[in-house]
Amino acid sequence: MILIRLWAKGALLVCLVSLNTRLVSEDRWIASVIVAALISAVWWINARSASRVDGWPALVAYASGAGCGTAIGLWIARII
């Protein structure tokens, strides 16, 4: 369960960053500000908990979540 949460946090954070990068590049400022606030909230939650988990499985879970989050964020940016 811990590894699934790490994967989800990595995916969500990087998804939002990818989405926001695309929104900023398209001058969609209102949406960019909203997504930036979400990024900060997720980052704050993640920073409080990510340091408590150690080891290769945690690293792989977070990193693979981040990779998937990039693809998901770019996909969402394309459809909205």
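Buried means under 20% relative accessible area, exposed means over 50%, and partly exposed lies in between, with a 1.4 Å probe and protein chains only. This is a predicted model, in which local features need pLDDT of at least 70 and side-chain atom pairs count only at pLDDT 80 or more, while totals for chains, interfaces and linings use all residues. Residues are numbered from 1 along each chain as its sequence is written, and side-chain values use heavy atoms, with hydrogens and water left out.

Q: Is Asn20 of helix H1 buried or exposed?
A: Asn20 lies in helix H1, where a helix is a DSSP run of H or I with at least four residues, a strand is a run of E with at least two, and both are numbered from the N terminus. Leaving aside neighbours within four places in sequence, Asn20 is in contact (heavy atoms within 4.5 Å) with Ala31, Ser32, Val35, Ala36 and Ile39. With a relative accessibility of 12%, Asn20 counts as buried.

Q: What pattern does the protein chain follow along the sequence?
A: The C-alpha trace of the protein chain spans about 40 × 20 × 15 Å along its principal axes. The chain holds 3 helices and 0 strands, and reading along the sequence therefore gives the pattern α-α-α.

Q: What percentage of the protein chain's contacts with a separation of 6 or more is accounted for by residues 24 or more positions apart?
A: One pair that is distant along the chain is Leu23 and Arg78, 55 residues apart, whose C-alpha atoms are separated by 9.9 Å. For the protein chain, among contacts with a separation of 6 or more, the share from residues 24 or more positions apart is 76%.

Q: Which helix supplies the largest share of the largest nonpolar core?
A: A nonpolar core is a set of buried Ala, Val, Leu, Ile, Met, Phe, Trp, Tyr and Cys residues joined through side-chain atoms within 4.5 Å. The largest one here has 8 residues, namely Leu13, Leu16, Leu19, Leu23, Val35, Ile39, Val42 and Ala77. At least two of its residues come from each of helix H1 (2–25) and helix H2 (29–49). The largest share, 4 residues, is supplied by H1.

Q: Which residues is Ala77 in contact with, leaving aside its neighbours within four places in sequence?
A: Ala77 belongs to the largest nonpolar core, as does Leu19. Once neighbours within four places in sequence are set aside, the contacts of Ala77 are with Leu19 and Arg22.

Q: What is the relative accessibility of Leu23?
A: Leu23 is found in helix H1 and is a member of the largest nonpolar core. Apart from neighbours within four places in sequence, Leu23 is in contact with Arg28, Ala31, Ser32, Val35 and Ile80. Leu23 counts as buried, because its relative accessibility is 2%.

Q: Is Ile30 in helix H2 buried or exposed?
A: Buried residues make up 29% of the 80 residues in the protein chain. Ile30 has its place in helix H2, and because its relative accessibility is 67%, Ile30 counts as exposed.

Q: How many disulfides does the count come to?
A: A disulfide is taken as a pair of cysteine sulfur atoms within 2.5 Å. The sulfur of Cys15 has its closest cysteine sulfur in Cys68, 11 Å away, which is too far for a bond. Cys15 is buried, with a relative accessible area of 7%, whereas Cys68 counts as partly exposed at 34%. By the distance rule, the number of disulfides is 0.
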